[in-house]
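Work through the exercises below with the structure open beside you. Try each task before reading its solution.

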Amino acid sequence: MAEGKGDVLDPVINSPQESVKSIILVGHGGYDKLKVRQSPKPAPKKSEVLVRVRACGLNFAELCIRQGLYDRPVKPPVILGMECSGEVLQLGEGVSTLKVGDKVICICSMGLWTEIAAVAEENCFVMPEGMTFEEGAAIPVNYITAYLMLFEFGNLRRGKSILVHIAAGGVGWAATQLCKTVPDVTIFGTSSAFKHDKIRENGVTYPIDYHTNDYSEEILKISPEGVDIVLDPLSGTDASKGFNLLKPMGKIVHYGMSNMISGQQRSIFTVAKTWWQMNNISPMELLSKNRAVCGFHMGHLTGEVKLLRNAMLEILELYKAGRIKPKIDSVWPFEQVGRAMAQMHDRKNIGKCILSPDKPADAEVAEATNSVLEAAELEAEAEDLQ
């Protein structure tokens, strides 16, 4: 996707129409509940900026919202989208830290899957030099989630060990890279076997194929005492397995319930089964085993501006230092948001799925290689051979 410059050639910026293209959730259910429609063109209020959106991140939370499983009620019709990147078009009253033309990363509770968005100044971050719009949109939710779990809850230090589930996904990829900023951390990462080379390159010490092996048994073969930290986005029986893998003074951080999602639409049976399989842990059990159980939900931290800003600024410094770099799995037109969600739901992705308001609706998406960069490299090689 070409990086727009916000100049006179941009048809969205210069359109006389008072509406913009947005992805709107029209009801709860399958992929057909997401529609690309025109919505009113926003104007910045006090302390807000108007942003020409170039790339948007897709997160598991949006899959849950679509199915009606999100724990914060979302009433359709509504524009989804928690993160994006783009350029500042206009400043609202009182804005002092940004200027027109700045390339920014934005984070919000909702409403960023659109061509033009009004975003609070405090929720915008200037993009580092050399960062692409796709990378910018891939950072906020995944990297802030991983950062706070590892360094606030987990107190990750030299010599510790950790289990990262879905290590090829957005949070798993980010968590692995952040673990590598600390010396001598042993990382166990679960993923499908075909992703093992990639997650190993990213820093996973011991990849485990959860389809063919019991990851708990595999970890105990290598580390009989268990691990210091477990990051659990699964819930259900995996919550109990993760807790039982902890060493004394170990911590499990629950940050999702992906086991509740089994298809396009919500299954009451799957939800009830996952809920039933969760183990209730008493304070006495925590005392006797010297373990801790934590819960993380970024959606409930939207009011903690200082906490989120500080984490994001630290993450951007790590990017500038070359210590982290988001991996872009695929870039999808707004009109193919259903296919993008299927890519994530079916766990075919390696890294982040991105939505683009500018990509043509019928564009071919380089999903087979699971990497936009790999697809570009293959295309370049083919041209060299001609």
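In this predicted model, 54% of the 386 residues of the protein chain count as buried. The chain has twelve helices and 16 strands, and of its contacts with a separation of 6 or more, 70% are made by residues 24 or more positions apart.

**Exercise 1. An open sheet**

Task: Give the order of the strands in the open sheet of six strands, and find which strands stand at its edges.

Solution. Step one is to read the order, which is E11-E10-E9-E12-E13-E14, with parallel pairing. Step two is to look at the ends of that order: E11 and strand E14 (292-295) each have a single partner strand, so one side of each is left without a neighbour in the sheet. Step three concerns the twist, since neighbouring strands of this sheet are turned by 15° against each other on average, direction ignored.

Step four takes one pair as an example: strand E9 (residues 161-164) and strand E12 (residues 227-232) are joined in the parallel sense over three bridges, and Leu163 stands opposite Val230 in E12. Step five adds the helices that pack on the sheet. Helix H3 (residues 140-153) touches E9, E12, strand E13 (246-254) and E14, and its direction makes about 150° with that of E13. Helix H7 (residues 237-244) touches E12, E13 and E14, and the direction of H7 also makes about 150° with that of E13.

**Exercise 2. A pair of rings**

Task: Decide how the rings of Phe188 and Tyr206 are arranged, and which parts of the chain their pair ties together.

Solution. The count of aromatic pairs comes to two. For Phe188 and Tyr206, the ring centres lie 5.1 Å apart and the planes meet at 20°; planes under 30 degrees apart count as stacked, so this pair is stacked. Next, place the residues: Phe188 belongs to strand E10 (residues 186-191) and Tyr206 to strand E11 (residues 206-209), so the pair ties together parts that are 18 residues apart in sequence. Finally, compare their surroundings, for which the cut-off is that buried means under 20% relative accessible area. Phe188, at 1% relative accessibility, counts as buried, whereas Tyr206, at 33%, counts as partly exposed.

**Exercise 3. A covered helix**

Task: Find how many residues of helix H1 (residues 60-67) are buried, and what the buried residues pack against.

Solution. First, count: seven of the eight residues of H1 are buried, and the helix is mostly covered. Second, name them: they are Ala61, Glu62, Leu63, Cys64, Ile65, Arg66 and Gln67. Third, look for their partners, which are strand E1 (19-25), strand E2 (34-40), strand E3 (48-57) and helix H11 (337-345). Just after H1 comes Gly68, with a positive phi of about 80°.

**Exercise 4. Nonpolar cores**

Task: Name the residues with the most contacts inside the largest nonpolar core, and the element that gives the most to this core.

Solution. The largest nonpolar core has 93 residues, and those with the most contacts inside it are Trp113, Ile144, Ile162, Leu231 and Leu355. The element that gives the most to this core is H3, with eight residues. To see one member in detail, follow Leu355, whose contacts include Ile23, Trp113, Trp332, Phe334 and Ala340. Apart from the largest core lies another one, of eleven residues, among them Ile219, Phe243, Leu245 and Leu246. The ring of Phe243 also has the charged end of Arg291 over it, 5.1 Å from its centre.

How values were computed:
Residues are numbered from 1 along each chain as its sequence is written. This is a predicted model: local features need pLDDT of at least 70, side-chain atom pairs count only at pLDDT 80 or more; totals for chains, interfaces and linings use all residues. Side-chain values use heavy atoms; hydrogens and water are left out. Rings of Phe, Tyr and Trp (its six-membered ring) pair if their centres lie within 6.5 Å; planes under 30 degrees apart count as stacked, over 60 as edge-to-face and the rest as tilted. Helices (H or I, at least four residues) and strands (E, at least two) are DSSP runs, numbered from the N terminus. Buried means under 20% relative accessible area, exposed over 50%, partly exposed in between (1.4 Å probe, protein chains only). A charge sits over a ring if NZ of Lys or CZ of Arg is within 6 Å of the ring centre and within 35 degrees of the ring normal. Contact means heavy atoms within 4.5 Å. Two strands pair if DSSP finds at least two bridges between them. Axes are lines fitted to C-alpha atoms, for helices over the stretch in contact, and angles run from 0 to 180 degrees between N-to-C directions. A nonpolar core is a set of buried Ala, Val, Leu, Ile, Met, Phe, Trp, Tyr and Cys residues joined through side-chain atoms within 4.5 Å. Lists of a residue's contacts leave out its neighbours within four places in sequence.
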